[in-house]
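Here's a quick look at a single chain, taken from the outside in. Have the model open alongside as you read.

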Amino acid sequence: MEDCLFCKIAKGEIPSKKVYEDDKVYAFYDINPEAPIHFLVIPKEHIQSANDFNDNNINVISHIFKVINKLVVELNMADKGYRIINNCGEDGGQTVNHIHFHVLGGRSLQWPPG
Ligand code: 5GP
Ligand code: ZN
């Protein structure tokens, strides 16, 4: 989608610190990390938010979780633990309208969030 920040990042039109890439997803470090390790995983296809999954695009979710499963092992987060977050819409605190899953770790995280 034109004028979407994360579509541009996925295409390499805007630079980012890549963690992983394949034909379906792109993972990169958050520019404003909230934990010692904080990366985002996005589908390359533009999906605005969790409200926009349907029978045609829902399979990317299992792929994203499979990729996260691999990356947390590579980044040595798997044993200590980590958090996967999706913010949806205004009340959910979503600021970029291309769905993304935050993965945070490297410290003990508080609960509940604000
Ligand atoms: P949200 O608030 O929508 O759940 O999360 C958006 C995230 O994207 C934020 O954590 C923010 O720091 C990150 N972000 C926003 N713009 C950029 C950017 O240009 N590059 C990178 N790497 N992260 C970004
Ligand atoms: Zn997009």
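About 7,200 Å² of the chain is exposed, and 48% of that comes from carbon and sulfur atoms. Keep in mind that this is a predicted model. As for charge, there are 11 positive and 15 negative ones, and their mean positions sit 9 Å apart.

On the inside, buried residues account for 36% of the 114 residues in the chain. How does the overall size fit the chain length, and why? The radius of gyration is 14 Å, which agrees with a compact globule, because one with 114 residues would come out near 13 Å. Along the principal axes, the C-alpha atoms fill a box of roughly 35 × 30 × 30 Å. Look at the contacts with a separation of 6 or more and you'll find that 53% of them link residues 24 or more positions apart.

Now for the secondary structure. The chain has 3 helices and 5 strands. Reading from the N terminus, the order goes α-β-β-β-α-β-α-β, so to speak, a helix to start and a strand to finish.

UniProt, in an unreviewed entry, puts the feature "domain: HIT" at residues 5-114. Here's how that stretch looks in the model:

| Item, residues 5-114 | Value |
|---|---|
| Helix | 25% |
| Strand | 23% |
| Distance between end C-alpha atoms | 26 Å |

So much for the annotated stretch: 25% helix, 23% strand, and end C-alpha atoms 26 Å apart.

Methods
Residues numbered from 1 in each chain as written. Chains lettered and ligands numbered in written order. Predicted model: local features only at pLDDT ≥ 70, side-chain atom pairs only at ≥ 80, totals over all residues. Heavy atoms only, no water. Helix = DSSP H or I, 4+ residues; strand = E, 2+ residues; numbered from the N terminus. Rg over C-alpha atoms; globule rule 2.2 N^0.38 Å. Buried < 20%, exposed > 50% of the residue type's maximum accessible area, 1.4 Å probe, protein only. Contact = heavy atoms within 4.5 Å. Areas by Shrake-Rupley, 256 points an atom, 1.4 Å probe, with all protein chains shown as cover. Lys, Arg positive; Asp, Glu negative; His and termini not counted. Charge placed at Lys NZ, Arg CZ, Asp CG, Glu CD. UniProt positions renumbered as here; feature names shortened; annotations may be inferred.
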